[in-house]
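The following exercises are to be solved with the sequence and the coordinates at hand. Each task is followed by a worked solution.

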Amino acid sequence: MADLILRAATLVDGTGADPVRNADVVVRDGRIVSVGPTEPAVTDTCVIDYGDATIMPGLIDCHCHLQFGAYSAHEKVRLVHAGASNEERILTAVANAQKALATGVTTLRDTGGFLTLNMNVRDAFVNGRVAGPRLLVCGAPITTTAGHLNWCGLRADSEDEVVRAVRAMVEAGADFIKVMATGGMMTPGSQAGESQYDLQTLGSLVTDAHRLDRHVAAHVLGADGCRDAIDAGVDTLEHCSWLTPEGVRGQSAMDVSAVDRIDPSHQSVHMTLAAMNRTPFRGLEHLDALASDERERIRQHGANFREMRERGVPHVISSDAGVIDTPFDEFPLSVVSTVIALDTTPVDAIQLVTSAAAQAIGLGELTGAVKPGRQADLLVVEGDVSENICNITRTASVYLGGREVARNRHLHVNAGTA
Ligand SMILES: [Zn+2]
């Protein structure tokens, strides 16, 4: 098969390295074979020149709920999902995944839907029967009776029950395990600030998941739950809000000694940005145009995360798409917001949604960087994204495994992973 050469004025490779000017990305059989300065085209190649655009890795969103409708109230998201048929849930999942792919999200990790339905969605994408991104699925989240997202159908209360729940999801085809270590905002009465499991139960869950070679993602809002998840050895700490037991937003009880126990060889913190920290960037041309009070408010939201980063904790940025006011075509806005929240550069923020994200979910050797040997999962955006992060929303083209699957935010037909 003839080589494909993608050319643009700027390359951001996703590793955090400085941008490369006028680089060629050479793709063969779906993989990147070389990345380097522009050379005269040899025969048997197809050169696509994107001019003053940026080539970067496809985005990796490690936290979303494909079956959820992203309505403007928690109650509606919950009631619509709980009342839907399985056929409706699957169709919603497919439509949402396609929406994300068209904006440059080439890998999605779904952190919880109804029982095993998402396994079917993943397999349909892999087989190429339906167009969609690379998908990692957990099935349903493991939660307590009356616990957060209990209507997804997987309730487990005792130590024996959580271990059985892990095995049931793995048997059904889960790529990883999701556990609700604390209550959550969208489940009335589940108490976001309180733990759902004790340390020993969480530890048994993690041990068995690791025995079966699955990583564990833990939803953690309350401070006790954050601490126990760290000590139980879960791999990805979702939200990690360090809320006080009352679950009051903005009141943090971050335990610095627990943060220092995070093992960077496999544990990472996944910041999800609520709608109020994302919507100010809708349609924004440049960060300079952001009002200073908004900038300060979002910076405040990032305070704990900046401190955890300074202490050496690996970070990832995720969307939590599907929940309240969080549609699947706005993940790029989370990256824009991250530049303010973490007080960092566009190149660093991009790393947190590409190579760092791939590393956190076990796909570090496969995707997440524009490097020889990796899958050619690529996002091309207009302009220089390293100079103006708002350009990340100006999607020009999306490649999945070396095939162009979307252009100008429109998905091609038959754009699956196969
Ligand atoms: Zn979630």
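Donors are N, O and S atoms within 2.8 Å of the metal (3.2 Å for Na, K and Ca); water is not among the atoms, so sites may look incomplete. The model is predicted: local features need pLDDT of at least 70, side-chain atom pairs count only at pLDDT 80 or more, and totals for chains, interfaces and linings use all residues. Residues are numbered from 1 along each chain as its sequence is written, and side-chain values use heavy atoms, without hydrogens and water.

**Exercise 1.** Determine which residues coordinate the zinc ion.

Step 1. The zinc ion is coordinated by H63 (NE2), H65 (NE2) and D320 (OD), at 2.0 to 2.4 Å.
Step 2. Along the sequence, these donor residues follow the spacing H-x1-H-x254-D.
Step 3. Both H63 and H65 are buried (under 20% relative accessible area, 1.4 Å probe, protein chains only).

**Exercise 2.** Establish the strand order of the open sheet of 5 strands.

Step 1. The order is β9-β10-β11-β12-β13, with parallel pairing (at least two DSSP bridges between two strands; strands are DSSP runs of E, at least two residues, numbered from the N terminus).
Step 2. β9 (176-180) and β13 (315-318) are the edge strands; each has a single partner strand, so one side of each lacks a neighbour in the sheet.
Step 3. Within the sheet, β10 (residues 215-222) pairs with β11 (residues 236-243) in the parallel sense over 5 bridges.
Step 4. In this pair, A218 lies opposite L237 of β11.

Methods. Helix = DSSP H or I, 4+ residues; strand = E, 2+ residues; numbered from the N terminus. Buried < 20%, exposed > 50% of the residue type's maximum accessible area, 1.4 Å probe, protein only.
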